[in-house]
Amino acid sequence: MKTLHQFDEVFDTQAVFRKLLEAMSNPTRTVSVAEQMEKLFGNHRAFLTLGMTLLDNEVTFSACGDADFRNDFQLVTLSQEKIISEADYLFVTDAKKLPEVLAQAKCGTLVDPHKSATLLIRDNGETTETMALYGPGIDGETTFSCSSLVRQALELRDQQEYEYPMGVDLIFVTDDGAVTCIPRLVRRRDA
């Protein structure tokens, strides 16, 4: 029997999930899923790795208009695609679509803030910006070196003016498998 990929849907997803927990619990910490993504095919292997870990037939996703990604993704997950405003996980492969996606992403409710979307955003990983972040998982305040896309995403998220504790979680993913998470309650402080 010939298989399309060598990604183990039990052991590899457990390893990736632990790394995501580490990154989400420690905002600004970068983890790598490179070892697991090497076992997959396609143009967006890092996204596929995270998608296979996070999604099943009980949650929904949006490819945010990227037909090639949608086709690759539907081959490896049972998750159903929905429109941006209804999807649980939003995969943003094109940074130009970020303002539109953030404006439409569901942000939860005051009673159920956890029913918000998680955005997985393709990032180039070039650390050209610095900003101060504070919130859960950060002792006081931390200085964070990041790409201009990360800064733009946080500024766009701030413009949404979500009422506490609502918001969206952001996961930045590079093509080489570096993953950085900024949970919905972590905020940036203007210098």
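At what angle do α3 and helix α4 pack, and how far apart are their axes? In this predicted model, the angle between α3 and helix α4 (residues 67-76) is about 40 degrees, and the axes lie 10 Å apart. The arrangement is therefore classed as oblique, since an angle that falls outside the ranges under 35 degrees, over 145 and 65 to 115 is given that name. The crossing of α3 past α4 is right-handed. On the α3 side, the contacts are made by Phe47, Leu48, Gly51 and Met52. Their counterparts in α4 are Phe69, Asp72, Phe73 and Val76.

Helix α3 spans residues 45-54 and includes Thr49. The relative accessibility of Thr49 is 0%, so this residue counts as buried, the limit for that class being under 20%. A polar atom of the Thr49 side chain is placed 2.8 Å from the backbone oxygen of Arg45. When neighbours within four places in sequence are set aside, the contacts of Thr49 are with Phe7, Val16, Val33, Gln36, Met37 and Leu40.

A second threonine, Thr13, belongs to helix α1 (residues 11-25). Thr13 has a relative accessibility of 13% and therefore also counts as buried, again because the limit is under 20%. Its side chain has a polar atom 3.0 Å from the backbone oxygen of Val10. Beyond neighbours within four places in sequence, Thr13 is in contact with Phe7, Asp8, Met52 and Thr53. Phe7 thus appears in the contact list of Thr13 as well as in that of Thr49. Met52, a contact of Thr13, is also one of the α3 residues that meet α4. Between the C-alpha atoms of Thr13 and Ser145, which are 132 residues apart along the chain, the separation is 28 Å.

The model contains an open sheet of 7 strands, ordered β1-β9-β8-β5-β4-β2-β3, with mixed pairing. Its edges are formed by β1 (30-32) and β3 (80-81), each of which pairs on one side only. Strand β1 runs antiparallel to strand β9 (residues 178-182), and the two are joined by 3 bridges. Within this pair, Ser32 has Ala178 in β9 as its bridge partner. Helix α1, packed on the sheet, touches β1, β8 (169-173) and β9, and its direction is at about 45 degrees to that of β9. Helix α6 is likewise packed on this sheet, where it touches β5 (118-122), β8 and β9. The direction of α6 makes about 165 degrees with that of β8.

Another open sheet consists of 3 strands in the order β7-β6-β10, with antiparallel pairing. Strands β7 (142-146) and β10 (187-189) are at the edges, and each pairs on one side only. From one strand to the next, the twist averages 50 degrees. The antiparallel pairing of β6 (residues 129-134) with β10 comprises 3 bridges, and Leu133 is opposite Arg188 in β10. Helix α6 (residues 148-159) lies across β6, β7 and β10, at about 45 degrees to β6. Contacts of α6 are therefore found with strands of the 3-strand sheet and with β5, β8 and β9.

Conventions. Residues numbered from 1 in each chain as written. Predicted model: local features only at pLDDT ≥ 70, side-chain atom pairs only at ≥ 80, totals over all residues. Heavy atoms only, no water. Helix = DSSP H or I, 4+ residues; strand = E, 2+ residues; numbered from the N terminus. Buried < 20%, exposed > 50% of the residue type's maximum accessible area, 1.4 Å probe, protein only. Polar contact = N/O pair within 3.5 Å; in protein donor to acceptor, adjacent residues only side chain to side chain. Contact = heavy atoms within 4.5 Å. Pairing = 2+ DSSP bridges. Axes fitted to C-alpha atoms, helices over the stretch in contact; angles between N-to-C directions. Left-handed = near helix turned anticlockwise from the far one by under 90°.
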